[in-house]
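Me: Hey, I've just opened this one and don't know my way around yet. Can you walk me through a few spots?

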Amino acid sequence: MTRVKICGLMEEQHVKAASSADAIGFVFAPSRRRVSIERAQELSRLADNGVQRIGVFVNASYEEIDKAVKTVPLTMVQFHGDEPDELIRRIEVPVIQAFSIRTSDDVEKLNNSIADYVLVDAPGTDYRGGSGHVFDWSLLENVELDHSRLILAGGLNQDNVQAAISQTNPFMVDVSSGVETDGRKDEVKIQQFILQAKGDSMERTQEKTIDPVGFFGRYGGQFVPETLMKAVKELEAAYEDAKNDDEFQKEYHHYLKEYVGREQPLTFAARMTEAWGGPKIYLKREDLNHTGAHKVNNAIGQALLAQRMGKRKIVAETGAGQHGVATATICALFDLDCVVFMGEEDIKRQQLNVFRMKLLGARVESVTKGSGTLKDAVNEALRYWVTNVEDTHYLIGSALGPHPFPTMVRDFQSVIGKETKQQILEKEGRLPDAIVACVGGGSNAIGMFHPFVEDASVRLIGAEAAGAGVDTDRHAATLTKGSEGVLHGAMMKILQDDAGQVQEAHSISAGLDYPGIGPEHAYLADNGRVTYEAITDDEALASVIEMSRLEGIIPALESAHAIAEAKKQAQSMTADEILVICVSGRGDKDMATYAEKLEGLS
Ligand SMILES: O=C(O)c1ccccc1NCC(=O)[C@H](O)[C@H](O)COP(=O)(O)O
């Protein structure tokens, strides 16, 4: 069925009237329909997730376009000016290039467009589009262009749209003037137009290449350049297939048991329980996994999937080095080529893990760009993937990135929460009252929380990194201080400045030092199912000492954030309550930091 775009929206009631359109357009170019980025953002919030948000530009700068893409956010952009191919290539979302059609020579030009879609329109009058004039559709009769890339515009209205569709068979029709009365959008005309275009159906058209997928509320999606779209789609299909395949699941669980050493205990922390004087404390011991953290649960799953897709080369990013070590380990086990990108700053902080990766046969690439931390490592890993996409799988380490990564990583990490649920029922005969896990990108936390999300009696608390304090500029408290934006292929909450530039994050813990948060966490924060609190570097360090001395378990710096938050939660809980802490990893990798920061410890 032909899709419908309603363009030039400026008012709330018109966005709502267009609710069954496939796409809505905001004009950022000189026009009587021009809106600001902020206004488009407000209006966009009223539309369903399935509706494409398209920004219309005429010769705007990359910075302006990028800001609109990230802020509104836009799922596509439409160019009506003389935008060069280099600009089209730089845009992270699909691009529509508009052409004015007067003669058959103009139609010829469509074939040279490198844009994802071409829009054919009558020449503009006052502005570069939206003139309300019809061009001669018969000029399109012999168009060579694949019609799945063709968008028809120019003087369409409820009376001529069916004829236009029959004659030109476009992928989408686009209207602006034809759904206006006296220069203002008209709700009745919008709805009549959609009905006519879709043959009396008010259904939105479901089609994979254009409908955003993998959204958690407003967050997630696939904001990737066209060069990666094929790989992302291939991965989506492969994961869909694998997750329902008993053989795949059997193999995955075989390695979790025989190689990682699962299941991991849910240890009753008797001395911490006594010292804190509140609820019974249980520790989920991801620190006991082979390689020292939860990361390996996901690395095994994705490495098996990569092999299923026939890919024998793996690229990964790492912050604290735990994901890099887990990936290098699994690549050694399965004889896969492995390259790991790691920020230069993190390389300094995590020397031991760097050596471990090398010993395991991985190539560690130092990333000197930006702050030399996790964000920059993800950037470089993504770049590497773009150029090696045919034979390489990007084994992302957290519940981040374009769909299906956040869902897939969550599923592979859900073993944490599933075991915990079973274990607490066996030990206590009931569910816990609260669960605390640390969040950077958020994979251990989402793996722990996911099986409990429907259990309303269980409070779920994420501990993010407050670094030097959330009121300083040195923190990684994305949910406390961040705002909506696109990073690393997904819409999420990120730390950014007023111009939409991603800010540097800071945490003493390399694994939490990330300016974004997985999309599912952003969603769970918005709907209030999970509460997120920020823990400072100093609070985390104090928890390292406390847990080491009370339980004989030296936690990773990341996990120490969860412990510090759990202690705060415990203050208002009673002895008949149960609190579970996810100890996501062990502290061996952090020994150099502990030795430096806790010098003089007595
Ligand atoms: O709508 C505008 O004012 C505008 C200004 C500058 C560039 C493009 C513009 N609009 C694009 C569109 O609304 C549509 O893509 C198309 O041109 C709609 O045309 P029409 O239905 O003839 O108004």
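Reply: Sure. One term before we start: two strands pair if DSSP finds at least two bridges between them. Also, this is a predicted model.

Me: Okay, so how many bridges join β16 to strand β17?
Reply: Five bridges link β16 with β17 (residues 363-367), and the two strands run parallel. Within that pairing, Val 339 stands opposite Arg 363 in β17.

Me: And which sense does β16 pair in with strand β15?
Reply: Parallel, over six bridges, with β15 covering residues 313-318. There, Glu 317 sits opposite Phe 341 of β16.

Me: What unit do β15, helix α12 and β16 make?
Reply: A right-handed β-α-β unit, where α12 spans residues 322-334.

Me: Is β16 enclosed or open, and why?
Reply: Strand β16 (residues 337-343) is largely enclosed by the rest of the structure, because six of its seven residues are buried.

Me: Switching topic: where is Gln 41?
Reply: Gln 41 is in helix α2, which covers residues 37-44.

Me: Buried or exposed, that Gln 41?
Reply: Buried, because its relative accessible area is 16%, and buried means under 20%.

Me: What does Gln 41 touch, leaving out residues up to four places away in sequence?
Reply: Thr 71 and Val 72.

Me: Tell me about Thr 71 then. Where is Thr 71?
Reply: Thr 71 belongs to helix α3, residues 62-71. Thr 71 counts as buried because its relative accessibility is 16%. Setting aside residues up to four places away in sequence, Thr 71 touches Ile 37 and Gln 41.

Conventions
Residues numbered from 1 in each chain as written. Predicted model: local features only at pLDDT ≥ 70, side-chain atom pairs only at ≥ 80, totals over all residues. Heavy atoms only, no water. Helix = DSSP H or I, 4+ residues; strand = E, 2+ residues; numbered from the N terminus. Buried < 20%, exposed > 50% of the residue type's maximum accessible area, 1.4 Å probe, protein only. Contact = heavy atoms within 4.5 Å. Right-handed = clockwise from strand over helix to strand, strands pointing away.
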